[in-house]
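Please examine the structure shown here together with its sequence. The paragraphs below are intended as a guided reading.

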Amino acid sequence: MDSMYSEYMVIKAKENGVHVIGLTRGTDTRFHHTEKLDKNEVMIAQFTDHTSAIKIRGNAKIYTKYGIVDTDEE
Ligand code: TRP
């Protein structure tokens, strides 16, 4: 697989019903997949040829190489 997509991010849900939404790569930016996580469920995801952005809806902790983001941070 292309090494430009080697980075993973970890999304840990802190409540039930967190949505991890994949947005398409290319001229057309739209949702292509929604994954629902319940409390304490973890998803490990990469950017791919099909996914250029990831939107997280709900209370979650996101671990990336840039640091840790908490969605409920002020
Ligand atoms: N089939 C999708 C892809 O290869 C799966 C995927 C990868 C995905 N990363 C994601 C879905 C992040 C949601 C969020 O692009």
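The explanation that follows treats the sheets, then the core, then the ligand shell and finally some loop residues.

This is a predicted model, in which local features need pLDDT of at least 70 and side-chain atom pairs count only at pLDDT 80 or more, while totals for chains, interfaces and linings use all residues. Residues are numbered from 1 along each chain as its sequence is written.

Strands are DSSP runs of E with at least two residues, numbered from the N terminus, and two strands pair if DSSP finds at least two bridges between them. In general, the strands of a sheet pair through backbone hydrogen bonds, either parallel or antiparallel.

One open sheet consists of three strands in the order 3-2-5, and its pairing is antiparallel. Because strand 3 (31–37) and strand 5 (51–57) stand at the edges with a single partner strand each, one side of each has no neighbour in the sheet. The twist from one strand to the next averages 20°, where axes are lines fitted to C-alpha atoms and angles between N-to-C directions run from 0 to 180 degrees. Strand 2 (residues 18–24) is joined to strand 3 by six bridges, and the two run antiparallel. Within this pairing, Ile21 stands opposite Thr34 of strand 3, and Gly22 has His33 of strand 3 as its bridge partner. Strand 2 is also joined to strand 5 by six bridges, again in an antiparallel arrangement; here the partner of Val20 in strand 5 is Ile56.

A further open sheet contains four strands in the order 4-1-6-7, with antiparallel pairing. Strand 4 (42–46) and strand 7 (67–70) are the edge strands, each with a single partner strand, so one side of each is left without a neighbour in the sheet. Neighbouring strands of this sheet are turned by 20° against each other on average, direction ignored. Four bridges connect strand 1 (residues 8–13) with strand 6 (residues 60–64), which run antiparallel, and Lys12 is paired in this way with Lys61 in strand 6. Strand 6 is likewise joined to strand 7 by four bridges, with the strands antiparallel. On that side, Lys61 has Asp70 in strand 7 as its bridge partner. Strand 6 and strand 7 form a hairpin with two residues between them.

Attention now turns to the nonpolar core. The largest such core has six residues, namely Ile11, Ala13, Val18, Val20, Leu37 and Ala60. A nonpolar core is here a set of buried Ala, Val, Leu, Ile, Met, Phe, Trp, Tyr and Cys residues joined through C-beta atoms within 7 Å. A residue is buried if 20 or more other C-beta atoms lie within 10 Å of its own, exposed if 12 or fewer, and partly exposed in between, with C-beta atoms placed from the backbone. Strand 1 and strand 2 each supply at least two residues of this core. Neighbours within four places in sequence aside, Ala60 is in contact with Ile11, Lys12, Ala13, Lys14, Val18 and Thr71; contact requires C-beta atoms, placed from the backbone, to lie within 7 Å.

Which residues surround the ligand? They are Val20, Gly22, His33, Glu35, Ala45, Gln46, Thr48, His50, Thr51 and Ile54, a residue being near a molecule if its C-beta atom, placed from the backbone, lies within 6 Å of it. Strand 2, strand 3, strand 4 and strand 5 are the elements that give two or more residues to this shell. By class, the shell has three nonpolar, six polar and one charged residues. In this scheme Ala, Val, Leu, Ile, Met, Phe, Trp, Tyr, Cys and Pro count as nonpolar, Asp, Glu, Lys and Arg as charged, and the others, Gly among them, as polar.

Glu35, one of the shell residues, belongs to strand 3. Glu35 counts as partly exposed because 14 other C-beta atoms lie within 10 Å. Residues up to four places away in sequence not counted, Glu35 touches Val20 and Met43.

The loops complete the description. Gly26 takes a positive phi near 110° in the hairpin of strand 2 and strand 3, which has six residues between the strands. Arg30 lies in the loop between strand 2 and strand 3 and is exposed, because it has 8 C-beta neighbours inside 10 Å. Asn40, in the loop between strand 3 and strand 4, has a positive phi of about 70° although it is not a glycine.

Note on methods: Contact = placed C-beta atoms within 7 Å.
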